[in-house]
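User: I would like to learn how to read a few features of a protein model. Please take them one at a time.

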Amino acid sequence: MKRFRLSLAASFFLLCLSAAALAGQTREVVDMAGRHLVVPVSPRKVYSTNPIGTTLIYTLAPDQLMGWNYELRPREKRFLPAEYRDLPVIGGWFSTQTGNLEEIMALKPDLFVSMSFINETARSFADKLQSQTGIPVALVDNELTRLDESYLFLGKLLGEEERAEVLARYCRETVRSIADRAARIPQDKKVRVYYAEGPDGRKTDPAGSIHTQVLDLAGGVNVAEVPMGPQVGMSSVSMEQILLWNPDLIIAWGASRGGYSEGIAGDTHWKDIEAVKSGHVYAVPDNPFCWFDRPPSVNRVLGLRWLANLLYPEIFDFDIVEEARNFYRLFWHYDLGEEEAREILIRSMRKK
């Protein structure tokens, strides 16, 4: 990551903050990391440093979103209203990407949002970026069980309190309801699951990873006994390891993400695995954002309903088609038709 240095322009900006506050143009807030910030009263152009935060801002206040962090694929744009899908691509700090400050600053952002787990690394990055640019950087917690709090904080920050309350309530009720019921499932009744990532399905993440929180909360047993990887995750595993784990059910990236969900059933290397023999191999729903992971943002809340129903349909008796339609309308500003929902879920539901 680049070393940040305080520029002359940033220094001047910081000196002007107190005067601006007196004039009523700014106000003081405390972000979710406990950092005190002076922010615009009514930010119009908000930039997120990564797709996690960008997704959340899009759901809450799309008119304030400055742009996307990466080039959206046509199949993703299909589910986004025209006024948002063609916003500029401005990069960011995620995966192996390092943002181009010159290009970002040329778009004159009012506010930066950095969404991640709250730790010293996150605080240090936010402080350095703020010092370099003179733009306030608000840290927002990405913990799945705190997304309701994240919405309430952002709602106050962006002047969208009423909508934030609605979205926060959905997240809170979903997480609490599913986690509480899943916790009561006897251990010997839990479904053993392998999460197949990558083009051959031989990459995965263990329990406790940010990339498998949906599986953990839904009450599935993650069979992957691999070391916790870095933020990017995706540990490589051998076919022999997967055969030894012998999961009851497999969830895998679909073809739209370059995954192997369609190939596993016909691949002779996988044929002796219980999940394959019983026909329990399912694609993770996708578009405009993956329901399970990457970006691990609010899309995981819909994924939590989907996966809980997939694993334990007798306990979580959701109509996933209707759940998807409601979520897309409420969060993603898109009126998803029934046939569109069934198309998205064509390889993601149990056969009745």
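User: How many cavities of 30 Å³ or more does a search of the whole structure find?

Analyst: Some ground rules come before the answer. This is a predicted model, in which local features need pLDDT of at least 70 and side-chain atom pairs count only at pLDDT 80 or more, while totals for chains, interfaces and linings use all residues. Residues are numbered from 1 along each chain as its sequence is written, and side-chain values use heavy atoms, with hydrogens and water left out. A cavity is a set of points, on a 1 Å grid over the protein atoms alone, where a 1.4 Å probe fits but cannot get out. Grid points are joined across faces, edges and corners, and the volume is the space filled by probe spheres set on the points. The search finds one cavity of 30 Å³ or more, and the largest cavity has a volume of about 40 Å³.

User: Which residues line the largest cavity?

Analyst: Lining residues have an atom within 4 Å of a point. Here they are Pro51, Thr54, Thr55, Trp68, Asn69, Tyr70, Leu72 and Phe289. Five are nonpolar (Ala, Val, Leu, Ile, Met, Phe, Trp, Tyr, Cys or Pro), three are polar, and none is charged (Asp, Glu, Lys or Arg); residues outside those two groups, Gly among them, count as polar.

User: How many salt bridges are there?

Analyst: Side chains of opposite charge can pair when their charged atoms come close. The rule asks for a side-chain nitrogen of Lys or Arg within 4 Å of a carboxyl oxygen of Asp or Glu. By this rule there are 22 salt bridges. In one of them, the closest N and O atoms of aspartate 286 and arginine 257 are 3.5 Å apart.

User: Why does that pair tie together separate parts?

Analyst: Helices (H or I, at least four residues) and strands (E, at least two) are DSSP runs, numbered from the N terminus. Aspartate 286 is in the loop between β11 (281–283) and α13 (299–311), and arginine 257 is in the loop between β10 (249–252) and α11 (261–264), so the pair links parts 29 residues apart in sequence.

User: Are aspartate 286 and arginine 257 buried or exposed?

Analyst: Buried means under 20% relative accessible area, exposed over 50%, and partly exposed in between (1.4 Å probe, protein chains only). Both aspartate 286 and arginine 257 are buried.

User: What is the N to O distance between glutamate 323 and arginine 305?

Analyst: Their salt bridge has an N to O distance of 2.9 Å. Glutamate 323 lies in helix α14 (residues 320–331) and arginine 305 in helix α13, so this pair joins parts 18 residues apart in sequence.

Conventions: 1 Å grid on protein atoms, 1.4 Å probe; cavity = no way out; pocket = protein on both sides within 12 Å on 5 of 7 lines; lining within 4 Å.
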